[in-house]
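The following paragraphs go through one protein model, starting with its cavities and ending with its backbone geometry. Please keep the sequence and the coordinates at hand.

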Amino acid sequence: MEIPLNRLVCVTGVSGSGKSTLVQDVCYNALRKLKGHPADPPGRHRAITGHEALDDVVLVDQSPIGKTTRSNPASYVGAFDAIRKRYAAEPLARERGYTAGTFSFNAGNGRCPTCGGNGFEHVEMQFLSDVYLRCPDCDGRRYRPEILEVKLPGPDPRRGEQRRGTAARAGARTPGRVTAASWTASIAEVLELTVTEARAFFADSPEVVRALDPLGAVGLGYLKLGQPVPTLSGGEAQRLKLAGHLVRSRAADGGTLFLFDEPTTGLHFDDIATLLQAFQRLLDQGHSLVVIEHNLDVIAAADWIIDLGPEGGAAGGTVVWSGTPRDVVRCRPSHTGAALRAQAKGGPQTPRIAARKAVTGNGAGTMIRIHNAREHNLKNVDVQLPRGRFTVVTGVSGSGKSTVAFDILFAEGQRRYLESLNAYARQFVQPAARPDVDAIFGIPPTVAIEQRTSRGGRKSTVATMTEIYHFLRLLFVKLGVQHCPDCGIPIRPQTPEAIVARILKDYRGRRVQVLAPLVTGRKGYYTDLAKWAGAKGFDTLRVDGTNTPTEPWPRLDRFREHDIELPVGELSVRAADEATLRALVERAIAFGKGMVRIAPAGAGTGGARARRAEALFSTARACPGCGRSFAEPDPRLFSYNSSRGWCPQCYGTGLALAGFDAEQSGEEIGWNEWWEGETAVCSACAGQRLCPEALAVHFQGRSIAAFTALPVAAAERAFRALRLAGREAALARDILPELRGRLAFLKSVGLSYLSLDRAAPTLSGGEAQRIRLASQLGSNLRGVCYILDEPTIGLHPRDNRMLLDTLEQLERKGNTVVVVEHDEETIRRASHVVDLGPGAGVNGGSVVAQGTVQALMRNPRSVTGRLLARPLRHPLMETRRPVPQMRGRGAAPALTVTGARLHNLRNLRVRIPLERLVCVTGVSGSGKSTLVRQVLRENLQRRIAGGRRGRARTTPWLSCREIAGWEAVGRVLEVDQTPIGKTPRSCPATYVGFWDAIRRLFADTPEARLRGYGPSRFSFNVAGGRCAACDGQGAKRIEMSFLPDVTVPCEACGGARFAPETLAVRYKDHTIAEVLSLSVVEAAAFFAVHPRIHHALRLLEDVGLGYLTLGQRSPTLSGGEAQRIKLVTELSKARPDPGGSRAPAHTLYVLDEPTIGLHMADVEKLIRVLHRLVTAGNTVVVIEHNLDVVAEADWVIDLGPEGGAGGGRIVAQGTPEQVAKVRSGSHTGRILREFLKTRGNGPETGAPPRRVARKKK
């Protein structure tokens, strides 16, 4: 291959044909080596001849010119040197003794000392965009005011024809006529001129014009002289390099080979003509040009073309044709030739794109279609979900709703995204298995917002979960005022002289090491830092308190935070050595950028005790009272998860947890779900989680802990009213909108009452889900499919409407919203409803109906539609139980709580009638759980337990003065929202508790006694009787590396869980494995003669769980199923005494929102179970928002009127009808009034009275 010299040669070809390899790897590197310059090893070639005619070779690519903001176009082409000389020659400059160096902003004493000649302050904003603030001293002009008094006279380039139209581009090539208007400009004003304007201003200075001309010649006449080079685009940087070569090439004798890599990148068509003129100037000076290019104008203008190809990759790498453009046009195999021929004919250079057809047929563009789904209990169902709409998936509990929404829709969307990652990335993220479905069409990216069983760790709060705390930390770092935690005085700078005096006082007579901090709490290897220190003559660096040689430098732990200091020197602190100490301190301050650390010599290897003996001094931050120095605030100073910020006693939990140390993250299950110890507030930080240094930083007079202690509503008001100015406003420009937006979203999902420092483990499932929903609202995504799992749980009907408005916001942004829900109002608000059923478990898994709410109500097969069309009438019982007078003689038995004052409760006096169904309601955060669970339940349990030990009267009341009437209660049972377990060995039989009785039945069979088997032999949790191959799980999980793990039935036991010898024992002709596979209905008949087992099974039937198998794994249960199993577990403990020898103890049942996860049909079953408990002489206290349950209560206690500080009071109490008459203060009363108008059976509600049969006397 030949490259003609003194010509414009274009190397072209399809992508991947070998152009860059030929020009850069072979030609450039080989010629550099031949000319004696350092170069990378050249690509393989036999020889290069004719290089003797070249003086040099230069590669002009698009790599950045420089990273410093002080570099600019004027300095790059050498024009700034001439300009500075012009200013130094002015009379005022000569009078003051200014030289050309005085007018440099890179060095000398003329530049602004505050910003170092940058003109601005660069503030790193961590995860936000960095902020550049105009220097307050020089106002961005880079120089001291005295320097700017030197003015240079000249014509005003801002007037005349050059300021109009496209004169700037024309002036870049031909100097225009400038008016003679007089103007004087400082050097800062000259740097603000464009190249074109500067050529006019310095028209009488040939040296300046000669240096600026090449900038105009390459089409950069619009750039300002002082524009920082890092702000240039890649194309601008390449052309600036070309301009620099045009300036320098005049001094050469000729013979330089210039190599260009696609110089037309980023150029307009008109600019390409300018570029070609610049190429011609280089050719006229005797140089040679080789250009890698695809632009047809440049290719056609070339003197010689080398076309590589014919294709890319392995099909390329050969010279298809070389010659003039006319020769290449005639080459038929050349793609370049074909393109040149098409251009010459004026035809299209690329094939026309066919007009897009409208999407028809399966409608994948507007619908998400799931075809033949068989996952879990689904029976080859087809589901259609409209995109960009609000869809509710409903059905009785266990009908397959979560399977459709999460196991299919979300899992497939996530799996498709993860499949786009490479295999290396996928091994760190366990993708979901492919669901059992034939096809899914039209699925967008999916985001699931679930009711996670884990709310978060001990160090998670509302603020951290919503990222509000991230922005608060950044705000405090940038705008907080540091105070001394000991003196409370704002921190002031400390001079080097004061530092030396302090060292002489504190370390007199001791030998110390003077260290310069280089790295503080950063991860990495720091090999380059070690090389730098070695080049400076330092043999060691102190890494994490240990002296480490710089050569050889050890491989540091990349994922650990390191502290690295430079050992500047070591000496004994004496007055006689003050000069030496001063010199070492000043040198350490120079290396440490204002910081110096003093460590006792030989003090160990950086342990906690050794660190306490050290002192950190700063020229910028020291207390004027006690002289204590402080490091510059860092976001980690305010982090609960960093050793730099957490309280050294509680490690960021805010609690005194026995055994918790720095090695714990707080996410471990032992500190959360399984924690049973006490949780007292940390005495060191008073529950504020942070160290004293962090709490001593104030913004607007508050610490960061004071801000996080605010409820969401108060914090939102505070930040909305915050007004900043000047530098503070610039720094907070991006922070405040993020804070205000996230707080507003928390309000919109009904969480105004939560304080920002509320610990994640104390949140309910509904609160945690809505916090995640608020975070998604803040993300502002479009075109996403959001999948939510019962977002209305825990919400009062008032808050429910706010949440639905929020979901509609997501829909209006162009997102698809799919909600698994039973709430009636949510279903009625949906654009599309999918009803699964008709039953649960094996009786479900079919699409009963899908479409609008009206279509659902007309479908006779839909249980949901029937209940929407003909909802429940209240009360369900023939008559509501009367609640006799509450005071005086003949008063009904009741519990009377007086002086309840925990959290937001305001010294309440509450009377709870016994042997009644009592419902405690109110908006979220009004104090319901606090009153019922923490005051009532905990006190009663402690008193009853004390009574068994004979110490009932001495047991103190907690959070109240007393609870009168407690003696009538024999025991207290609670059903809350905690999960029933994630292990696959847990199942309904083991959780409810009758599995032990079944194992004893098997152990009592003749075959078992003959073999010597006890009850433990029939347990799949204990070795011996269970299958040894799968450890009693019935299945094996096979890890597939970067593919989803696969679960297959155990080959040894076939999924039976037990060993063959165990399965040889039979009871009523059933093995233990066959009993586990029985449904609840079948098992109830099978064990009819065993009261203990039969009682629990009948309860499972009564709450609608008759379809479950005894051995169904707990992780496969839906939320509603798990909640009802917990209820049955507690109900089974109240089994009547079979002997009848003693009356059962009066039981107080406490239920926390038992309707969670229940379909409207299941709610009716639950209500009947609760009535049965009360009829049996017990008391049921229910925390509930479901209006069907509230309307069934014998007595309603309504707390409010709002949440948080606005709650904690009783706003209404009485029967549902009495509460409905409350006109003000009670949100429940208002909504219950509307509800009973259409659902009530009584005459006072306005509904037709239900016909009730008269009882016979």
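In this predicted model, the count of cavities of 30 Å³ or more comes to six. The largest cavity holds about 50 Å³ of space. Its lining is made up of Glu-824, Leu-867, Pro-871, Leu-872, Met-1160, Asp-1188 and Arg-1239. By residue class, that lining divides into four nonpolar and three charged residues, with no polar ones.

The chain as a whole gives the setting for these details. The protein chain has 1257 residues, of which 52% count as buried. Its secondary structure comes to 44 helices and 41 strands. Among contacts between residues at least 6 apart in sequence, 70% join residues at least 24 apart.

One sheet can be followed strand by strand. Strands of a sheet pair through backbone hydrogen bonds, in either a parallel or an antiparallel way. Here six strands form an open sheet in the order β2-β7-β8-β1-β9-β10, and the pairing is mixed. Strands β2 (56-60) and β10 (318-323) stand at the edges; each has a single partner strand, so one side of each is left without a neighbour in the sheet. From one strand to the next, the twist averages 15°. At the β10 edge, strand β9 (residues 304-309) runs antiparallel to β10 and is joined to it by five bridges. One bridge can be located by residue: Ile-306 has Ser-322 in β10 as its bridge partner.

Two helices can be placed against this sheet. Helix α9 (residues 234-248) lies across β2 and β7 (256-261), and runs at about 155° to β2. Helix α10 (residues 269-284) packs on the sheet as well, where it touches β1 (8-13), β7 and β8 (288-292). The direction of α10 makes about 145° with that of β8.

Further along the chain, Ile-489 sits in the loop between β16 (481-482) and α18 (496-506). Its relative accessibility is 30%, so Ile-489 counts as partly exposed. Ala-622 is 133 residues away along the chain, but the C-alpha atoms of Ile-489 and Ala-622 are separated by 9.9 Å.

The next stop is helix α36 and the loops on either side. Thr-1062 is found in α36, which spans residues 1060-1063. With a relative accessible area of 0%, Thr-1062 is buried. Beyond its neighbours within four places in sequence, Thr-1062 is in contact with Arg-1017, Phe-1018, Gly-1025 and Ile-1072.

Most residues other than glycine have a negative phi, and most peptide bonds are trans. Which residues depart from this pattern? Arg-1057, which is not a glycine, has a positive phi of about 80°. Arg-1057 is placed in the loop between β37 (1043-1049) and α36. Its relative accessible area is 4%, and therefore Arg-1057 is buried. Asp-1069 also has a positive phi, near 65°, and lies in the loop between α36 and α37 (1072-1076). Asp-1069 has a relative accessibility of 62%, so it counts as exposed.

Two peptide bonds that precede proline are cis. From His-874 to Pro-875 the bond is cis, with omega near 0°; Pro-875 is found in the loop between α31 (863-869) and β31 (894-900). Gly-1200 and Pro-1201 are likewise joined by a cis peptide bond, with omega about 5°. Pro-1201 has its place in the loop between β40 (1195-1200) and β41 (1209-1214).

Terms used. Residues are numbered from 1 along each chain as its sequence is written. This is a predicted model: local features need pLDDT of at least 70, side-chain atom pairs count only at pLDDT 80 or more; totals for chains, interfaces and linings use all residues. Side-chain values use heavy atoms; hydrogens and water are left out. Helices (H or I, at least four residues) and strands (E, at least two) are DSSP runs, numbered from the N terminus. Buried means under 20% relative accessible area, exposed over 50%, partly exposed in between (1.4 Å probe, protein chains only). Contact means heavy atoms within 4.5 Å. Two strands pair if DSSP finds at least two bridges between them. Axes are lines fitted to C-alpha atoms, for helices over the stretch in contact, and angles run from 0 to 180 degrees between N-to-C directions. On a 1 Å grid over the protein atoms alone, a cavity is a set of points where a 1.4 Å probe fits but cannot get out, and a pocket is an open set with protein on both sides within 12 Å along at least five of seven lines; lining residues have an atom within 4 Å of a point. Grid points are joined across faces, edges and corners, and a volume is the space filled by probe spheres set on the points. Ala, Val, Leu, Ile, Met, Phe, Trp, Tyr, Cys and Pro count as nonpolar, Asp, Glu, Lys and Arg as charged, and the others, Gly among them, as polar.
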